[in-house]
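Me: I am new to this structure and would like to learn how to read it step by step. Could you take me through the main features in turn, with the general idea before the case at hand?

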Number of protein chains: 2
Amino acid sequence: MAAKPSIPKGTRDFSPIEMSKRNYIFNTIRNAFHLFGFQQIETPAMENLSTLMGKYGEEGDKLLFKIQNSGDYFSNLTDEELLSRNAAKLASKFCEKGLRYDLTVPFARYVVMHRDELTFPFKRYQIQPVWRADRPQKGRYREFYQCDADVIGNNSLMNEVELIQLIDHVFGKLNIRVAIKLNNRKILAGIAEAIGEPDKIIDITVAIDKLDKIGLDGVVNELKQKGIKDEAIDKLLPILQSQGDNNEKLATIATVLQGNAIGEKGVEETDFILKTVAATGIKSTVELDLTLARGLNYYTGAILEVKALDVAIGSISGGGRYDNLTGVFGLDGMSGVGISFGADRIYDVMNQLELYPQESIITTQIMFVNFGEKETLHSLQLISQIRTEGISAELYPSSDKMKKQMGYANSHNIPYVAIIGESEMNEGTITVKNMNSGEQKSLNINELIALLKG
Amino acid sequence: MAAKPSIPKGTRDFSPIEMSKRNYIFNTIRNAFHLFGFQQIETPAMENLSTLMGKYGEEGDKLLFKIQNSGDYFSNLTDEELLSRNAAKLASKFCEKGLRYDLTVPFARYVVMHRDELTFPFKRYQIQPVWRADRPQKGRYREFYQCDADVIGNNSLMNEVELIQLIDHVFGKLNIRVAIKLNNRKILAGIAEAIGEPDKIIDITVAIDKLDKIGLDGVVNELKQKGIKDEAIDKLLPILQSQGDNNEKLATIATVLQGNAIGEKGVEETDFILKTVAATGIKSTVELDLTLARGLNYYTGAILEVKALDVAIGSISGGGRYDNLTGVFGLDGMSGVGISFGADRIYDVMNQLELYPQESIITTQIMFVNFGEKETLHSLQLISQIRTEGISAELYPSSDKMKKQMGYANSHNIPYVAIIGESEMNEGTITVKNMNSGEQKSLNINELIALLKG
């Protein structure tokens, strides 16, 4: 019984200081979601496996945490099935539920189940943990939070514009300098079609993605290796060599894509988004980035990704437009667009750059020293008065040695300590010690409240 | 694929309005915890089964949701083990992790694992969901939230006093009238000893509990059936017949318990708590209630329970003193006292009494009608200005028919709608419609911001 306890690998405990920091991030994101008119929902941690399976590819299915059925789940199994020892197959007999793997599939399931109660467009946000049986490593956990905002049931590009403004707002508030990368699935599809290789969209995007690392010759070689014809590569060259700002790049792409319907649509969408966002005067840079292929099988229009400028880390937010999120649950024609903030990576960035404002670390404002019963009764009434003003205050619970009580206040970063002995009780005063400066003052309760409020 | 999706029984989705109400409760409790100097921690949803098993009794072990191991967990099993079809035994081979069943055992595990980082007394709070494979029924769910505050590492009764103040504060803020019931495990143990039946403490408490329902004769009969001697019952009679306020009841108990060490200690503790709480001037009634036996095997001192006065429902908060929470993980001598707020029952009470203040329902403050591209660009800049003031605002994303746009604002309870057509653009004004009164006004942006702030 007395073995030293531990927690499952890839999971974490959060201490009070860590919670203050995490809450600062979550509250900033939540406030931004509200400011932009998103409404919160929550879904259960457990979903039916029938809801989750097959939605994240074969690899994703393996990473689902499955929950064992209650009761006697062996009775329906034949000897042969049991002795087959086929874990994957038998899991489906033992388990009907799993932990959610992301917030997107539960959201799609929510929209389908509640479609009659919803007015579209439906702007929802959701901040909840998800679980993945991934191999844990630095910065990758088996339990982590996602913060998602989506607009579903409306295909106006104004939604994309608002999401980019939202990203800019969140990282502005957090004081993280970012670049917002923008791409469009329709441009990628157009390029593949226009150069005569419509089925090679992924190979082409993967190769373009390496331009910075392996240079133009390297990309051309890789494309050849993938079986893309010289003629197609020649058509692609202007795009690979395109220089300049977003407008110049987009002009080059438009030339290549001239006459290709889906490609032209992608250029038009991107042009609209870039121009409208520029008119709103956001602070972050928005960069057209053709190498962005995030969730290519899933997105159908704009693709977004956010990189921190001052820390080398993967993307800290991302999203895009999807045209048929709910089709898999039998509700077609629901176009949506959304973004997800990676709270754990944002937490790492904030820690590295020490971006937390001092007031984000929540502590008790004042601790009353405990000298015994009589002084305590007196203190309790003053503490009640202070709390009524919305100021956090606590009484040290027992009349321990002064050194221990002060040590408690110190280790909890409590900025003020109130000392009330017999003389203070008689005089109706409070001796207040500023724990940072060491300075002591004698105040009455109103002066103390004024001090704590200031 | 297109089967209508569902969620596991006993779990719930929460809509935006439900989330507003739940957040109102959680925020009220969280603010109170901070005001009283409690610090937040979080622990993982999954704990090792070795941490959870055996902590909640045999029945509790069965109600744990167990998580299937990843990988090939069959290879270590013999044919014989498999064909035994012993679900309970094999579960321990298939599963190493489970979902947390409450917040108390994870807290004990946390204290033991992090003892070197903590300064005691440690006042922690935790607001997180827990999972139980209970049979779902009205008001009982398989996923529900607990809101726990505990002080560990200090045995001063001032902690009990502060928790009672905290309870009074929370329900005062929520506007729920409550009675706080108080008992003490030491009094119950003392009674059992004093009447010569030290092993029958549970039978005695269960019988006393029925006094209101079955009357004095009924209780006496039940005690006899349980094998309690007539002589013992005679000694118990003064307590069963005791009348009056807390002080009078406590005096009767003190008489019966005279000379019994543990009983006298219980009386002394209870007397101190009642007197000190009275001196703090809390609003809720505190009632000495000997029938309170909540978690008798677990608590060692004060026992607390809170009943709503205006709704018939079980206890909405409860807790008590435990002397050795962490002993099971190898750390002895840690006395603690805590309370837990039952968020789901509080939610039911609040709904029934309609206690939510209007401002607790979070909505967007103003929606801008969308007339097309040109008007939209103009609106976007006004919306940014409004959001800078911390006021939530949204643009209807597409230029749908006016009726549809107004319907959206209505169904989302958005109080104001801004209408900007060509004439408003030319004049630099905004036509603002109050959605409750139907009244329309022409304002400039500063007047609009003043209106929304007021």
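Reply: What follows goes from the fold of one chain to the interface between two chains and then to a single residue. Please keep in mind throughout that this is a predicted model.

Me: Which helices and strands make up chain A, in terms of how many there are of each?

Reply: A useful start is to count the elements of secondary structure, and in chain A these come to 18 helices and 16 strands.

Me: What radius of gyration does chain A have, and what would a compact globule have?

Reply: The idea is to set the value for the chain beside the value expected for a compact globule with its number of residues. For 454 residues such a globule would have a radius of gyration near 22 Å, whereas chain A has 29 Å. The extent of the C-alpha trace of chain A can be read alongside this, since along its principal axes it spans about 95 × 70 × 45 Å. As for the interior, 59% of the 454 residues of chain A count as buried, and among its contacts with a separation of 6 or more, 68% join residues 24 or more positions apart.

Me: How many residues of chain B and of chain A are in contact with each other?

Reply: An interface can be described by its residues and by the area it buries. Here 108 residues of chain B are in contact with 107 residues of chain A, and the two chains bury about 9,000 Å² between them, with 60% of it on carbon and sulfur atoms. Of the area that chain B buries against chain A, 8% is supplied by Leu35(B), Arg85(B) and Arg387(B), which is more than any other three residues supply.

Me: How many salt bridges and polar contacts cross this interface?

Reply: Charged and polar pairs are counted separately, and the rule finds 8 salt bridges between chain B and chain A, while 35 residue pairs are in polar contact. One of the salt bridges joins Arg109(B) to Asp13(A), with the closest N and O atoms 2.6 Å apart. On the side of chain B that touches chain A, helix α15 (residues 373–388) of chain B gives the largest share, 7 residues, and the residues of that side divide into 52 nonpolar, 35 polar and 21 charged.

Me: Is Val311(B) buried or exposed?

Reply: One compares the relative accessibility with a cut-off, and Val311(B) counts as buried because its 6% lies under 20%. Val311(B) is found in the loop between β9 (302–308) and β10 (317–322) of chain B. Leaving aside neighbours within four places in sequence, Val311(B) is in contact with Val349(B), Gln352(B) and Leu353(B).

Note on methods. Residues are numbered from 1 along each chain as its sequence is written. Chains are lettered from A and ligands numbered from 1 in the order in which they are written. This is a predicted model: local features need pLDDT of at least 70, side-chain atom pairs count only at pLDDT 80 or more; totals for chains, interfaces and linings use all residues. Side-chain values use heavy atoms; hydrogens and water are left out. Contact means heavy atoms within 4.5 Å. Buried area is the accessible area (1.4 Å probe) that two parts lose on being put together, summed over both. A salt bridge is a side-chain nitrogen of Lys or Arg within 4 Å of a carboxyl oxygen of Asp or Glu. A polar contact is a pair of N or O atoms within 3.5 Å; within protein, one must be able to donate a hydrogen and the other to accept it, and residues adjacent in sequence count only if both atoms are side-chain atoms. Helices (H or I, at least four residues) and strands (E, at least two) are DSSP runs, numbered from the N terminus. Ala, Val, Leu, Ile, Met, Phe, Trp, Tyr, Cys and Pro count as nonpolar, Asp, Glu, Lys and Arg as charged, and the others, Gly among them, as polar. The radius of gyration is taken over C-alpha atoms; the globule rule is 2.2 Å times the number of residues to the power 0.38. Buried means under 20% relative accessible area, exposed over 50%, partly exposed in between (1.4 Å probe, protein chains only).
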